[in-house]
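User: Walk me through this model. I want the reason behind each label.

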Amino acid sequence: MNPTYEKLMKCFDSLRALTDFKPQLALVLGTGLGNFAERIRIVQTVDYHDISDFPVSTVQGHKGRYVFGYVDAVPVVIMQGRVHYYEGYDIADVVLPIRLMRLMGAEVLFVTNASGGICETFHAGDLMLISDHISSFVPSPLRGENMDELGTRFPDMTDAYDPELRTIIRSTARKEDIPLQEGVYLQLPGPQFETPAEIRMARALGADAVGMSTACEVIAARHMGMRICGISCVSNMAAGMSGGPLLHEEVQQNADMAAPRFETLVHRSITAIAKSI
Ligand code: HPA
């Protein structure tokens with residue numbers, strides 16, 4: 001059997017032995033949404049460490065867990081802590097937690113992250129609805145023998161970020177009076193922040209925001225037929241755009257400042273999405 005598929009099934013069996021919860025929607029919590037679990041009626045949590053064969057970093061005692069519960073009446077699974085490519089995992093391992101959430105039953109994937117703003121009209125603290133992505137600088141998670149059990153060899157990516165879900169999020173933002181930008185997210189490998197020259201390149205390529213996650217997760221989810229939406233918190237303007245150096249602490253602080261708006265928008269959008277599907 002394909003070793004990637006074998007590992008996925010082993011993780012799935014291990015997770016199923018711990019919980020039979022069936023989520024409708026999967027949510028990945030990025031920087032700035034760390035407290036979102038407080039908005040959930042939690043039914044169960046599962047530490048990544050407790051799932052056999054789950055890609056948990058041996059390098060840095062990586063913290064992370066699935067949270068199962070309800071956002072209002074919507075059954076959700078939440079990834080609190082994601083797996084990043086820059087930590088050294090194979091790209092197939094980076095997306096394994098996403099694939100698992102689909103196998104658990106989730107039909108919709110809601111991704112969130114923090115990013116550097118590239119679009120000149122953005123400001124630190126803005127929220128950006130992701131309209132599309134550029135993943136060309138990281139390897140595809142679909143590389144290698146196709147797992148026909150999961151999806152097709154050449155999946156379409158035209159509407160990777162579901163137009164109907166984007167409409168719902170836009171109208172939720174309007175209703176909640178939360179300003180919302182919209183744009184293209186570029187995933188770079190990291191972990192170093194970009195140079196100003198790389199940001200000029202990214203802008204020329206059509207990117208509005210840059211980060212180190214998400215696009216590969218969306219590819220894996222799309223491969224498995226999920227409907228996807230995503231919001232990025234522009235935690236800083238990208239390298240060379242604001243004069244000073246980029247500091248991780250500052251990125252974190254700006255994301256924390258946007259957190260209440262970010263949480264409300266994600267919360268209300270999930271409720272609205274569940275009503276429409
Ligand atoms: N670059 C890459 N990733 C990021 C940034 C950035 O400026 N801000 C938050 N994540």
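User: What makes strand 3 (residues 65-71) largely enclosed by the rest of the structure?

Analyst: This is a predicted model. Buried means under 20% relative accessible area. Five of the seven residues of strand 3 fall in that class, so the strand is largely enclosed.

User: How do you know that strand 3 pairs with strand 2 (41-47), and in which sense?

Analyst: Pairing needs at least two bridges. Six bridges join strand 2 to strand 3, and the two run antiparallel. Within this pair, Thr45 stands opposite Val67 in strand 3.

User: How many bridges link strand 3 to strand 4 (residues 74-80)?

Analyst: Seven bridges, in the antiparallel sense. Gly69 stands opposite Val76 in strand 4. The hairpin of strand 3 and strand 4 has two residues between the strands. There, Asp72 takes a positive phi near 50 degrees.

User: Why is Arg39 called partly exposed?

Analyst: Partly exposed lies between the 20% limit for buried and the 50% limit for exposed. Arg39 has a relative accessible area of 26%, so it is partly exposed.

User: Where does Arg39 lie, and which residues does it touch?

Analyst: Arg39 lies in the loop between strand 1 (25-29) and strand 2 (41-47). Not counting residues up to four places away in sequence, Arg39 touches Tyr70, Pro260, Glu263, Thr264 and His267. Tyr70 belongs to the residue range of strand 3, 65-71. As for Leu246, it is 207 residues from Arg39 in sequence and 31 Å away in space, C-alpha to C-alpha.

User: Why is helix 1 called oblique to helix 2?

Analyst: Helix 1 (residues 3-18) and helix 2 (residues 91-104) pack at an angle of about 50 degrees, with their axes 10 Å apart. Roughly parallel needs an angle under 35 degrees, and roughly perpendicular runs from 65 to 115. The angle fits neither class, so helix 1 is oblique to helix 2. Helix 1 passes helix 2 in a right-handed crossing.

User: Which residues make that contact between helix 1 and helix 2?

Analyst: From helix 1 come Thr4, Lys7, Leu8, Met9, Cys11, Phe12, Leu15 and Arg16. They meet Ala92, Asp93, Leu96, Arg99, Leu100, Leu103 and Met104 in helix 2. By class, the contact holds 10 nonpolar residues, one polar and four charged.

User: What makes helix 2 and helix 5 (residues 215-223) oblique to each other?

Analyst: Their axes come within 9 Å and cross at roughly 55 degrees. That angle lies outside the parallel class, under 35, and the perpendicular class, 65 to 115. Helix 2 and helix 5 are therefore oblique to each other. The crossing is right-handed.

User: Which residues of helix 2 and helix 5 meet?

Analyst: Ile91, Val94, Val95, Ile98 and Arg99 in helix 2 meet Cys216, Glu217, Ala220, Ala221 and His223 in helix 5. Seven of the contact residues are nonpolar, one is polar and two are charged. Arg99 is also one of the helix 2 residues that meet helix 1.

User: How do you know that strand 7 (residues 181-187) is mostly covered?

Analyst: The limit for buried is under 20% relative accessible area. Five of the seven residues of strand 7 are buried.

User: Which strands pair with strand 7, and in which sense?

Analyst: Strand 6 (residues 127-134) runs parallel to strand 7, joined by six bridges. Ile134 has Leu186 as its bridge partner in strand 7. Strand 8 (residues 209-211) pairs with strand 7 over three bridges, in the parallel sense. Tyr185 stands opposite Ala209 in strand 8.

Conventions. Residues numbered from 1 in each chain as written. Predicted model: local features only at pLDDT ≥ 70, side-chain atom pairs only at ≥ 80, totals over all residues. Heavy atoms only, no water. Axes fitted to C-alpha atoms, helices over the stretch in contact; angles between N-to-C directions. Helix = DSSP H or I, 4+ residues; strand = E, 2+ residues; numbered from the N terminus. Parallel < 35°, antiparallel > 145°, perpendicular 65-115°, else oblique. Left-handed = near helix turned anticlockwise from the far one by under 90°. Contact = heavy atoms within 4.5 Å. Nonpolar A, V, L, I, M, F, W, Y, C, P; charged D, E, K, R; others polar. Buried < 20%, exposed > 50% of the residue type's maximum accessible area, 1.4 Å probe, protein only.
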